Amino acid sequence: MDTRVVKPEQARIFMEGLEVCREYFKTDLITFGSSELQPGQTGAVDPGHKNSHEVFFVSKGKVLLRCGETLYQLNEGDAQLIPPGEPHQLTNIGDCTALVTWSLAPSE
């Protein structure tokens, strides 16, 4: 595998409710992408990933992460580990666009 750069406009774009998602990389070992939400928007519930851990990192803004029945407020610079199979959902509770990067390992 070669090293490569992927620009936002080159990433695979998909929607999870109002959440704009970009998948930058997907290999057998890891998937990496981002989620963008406007103020007040909530993304769809992700049912979780049966065989993968997922990490969220708040690159910009402030979000509320629902993980199962528990709510976590994540601010810019915070990271959260989500265990396999745990349903989760993001809501932008800030006053600017929220950008959350995420990765799954191994990929599904």
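Here is a short walk through the model, one selection at a time.

This is a predicted model, with residues numbered from 1 along each chain as its sequence is written. Local features need pLDDT of at least 70 and side-chain atom pairs count only at pLDDT 80 or more, while totals for chains, interfaces and linings use all residues; side-chain values use heavy atoms, with hydrogens and water left out.

**Stop 1: strand E9**

Select residues 98-105, which make up strand E9. Strands here (E, at least two residues) and helices (H or I, at least four) are DSSP runs, numbered from the N terminus. Six of the eight residues of E9 are buried, so the rest of the structure largely encloses this strand. Buried means under 20% relative accessible area, exposed is over 50%, and partly exposed is in between (1.4 Å probe, protein chains only).

Now add E3, residues 31-37, which pairs with E9 in the antiparallel sense over seven bridges. Strands count as paired if DSSP finds at least two bridges between them. To get the register, find serine 35, which sits opposite valine 100 in E9. Then bring in E4, residues 53-60: this strand also pairs with E9 in the antiparallel sense, over seven bridges. Here histidine 53 has alanine 105 of E9 as its bridge partner.

**Stop 2: the three-stranded sheet**

Next, show E6, E5 and E8, in that order: they form an open sheet with antiparallel pairing. E6 (70-75) and E8 (88-92) are the edge strands, each pairing on one side only. From one strand to the next, the twist averages 25° (axes are lines fitted to C-alpha atoms, for helices over the stretch in contact, and angles run from 0 to 180 degrees between N-to-C directions). E5 (residues 62-67) and E8 share five bridges, and leucine 64 faces threonine 91 of E8 across that pairing.

**Stop 3: the core**

Which residues touch the most other members of the largest nonpolar core? Pick Phe56, Val63, Leu65, Leu90 and Val100, out of 14 residues in that core. E4, E5 and E9 each supply at least two of its residues. Such a core is a set of buried Ala, Val, Leu, Ile, Met, Phe, Trp, Tyr and Cys residues joined through side-chain atoms within 4.5 Å.

Centre on leucine 90 and show its contacts (heavy atoms within 4.5 Å). Leaving out residues up to four places away in sequence, leucine 90 touches, among others, Glu19, Gln41, Phe56, Val63 and Val100.

Then hop to leucine 74 in E6, which counts as buried at 4% relative accessibility. Its C-alpha is 5.4 Å from that of valine 63, 11 residues apart along the chain.

**Stop 4: cysteines and charges**

Don't hunt for disulfides (cysteine sulfurs within 2.5 Å): a search of the whole structure finds zero. The sulfur of cysteine 21 has its closest cysteine sulfur 16 Å away in cysteine 67, too far for a bond. Both are buried, cysteine 21 at 2% and cysteine 67 at 8%.

Two salt bridges turn up in the whole structure, each a side-chain nitrogen of Lys or Arg within 4 Å of a carboxyl oxygen of Asp or Glu. In one, arginine 12 meets glutamate 23 (3.4 Å, N to O), linking E1 to E2. Arginine 12 is partly exposed at 46%, whereas glutamate 23 is buried at 16%. Arginine 22 and glutamate 36 meet in another (3.9 Å, N to O); arginine 22 lies in E2 and glutamate 36 in E3, so the pair ties together parts 14 residues apart in sequence.
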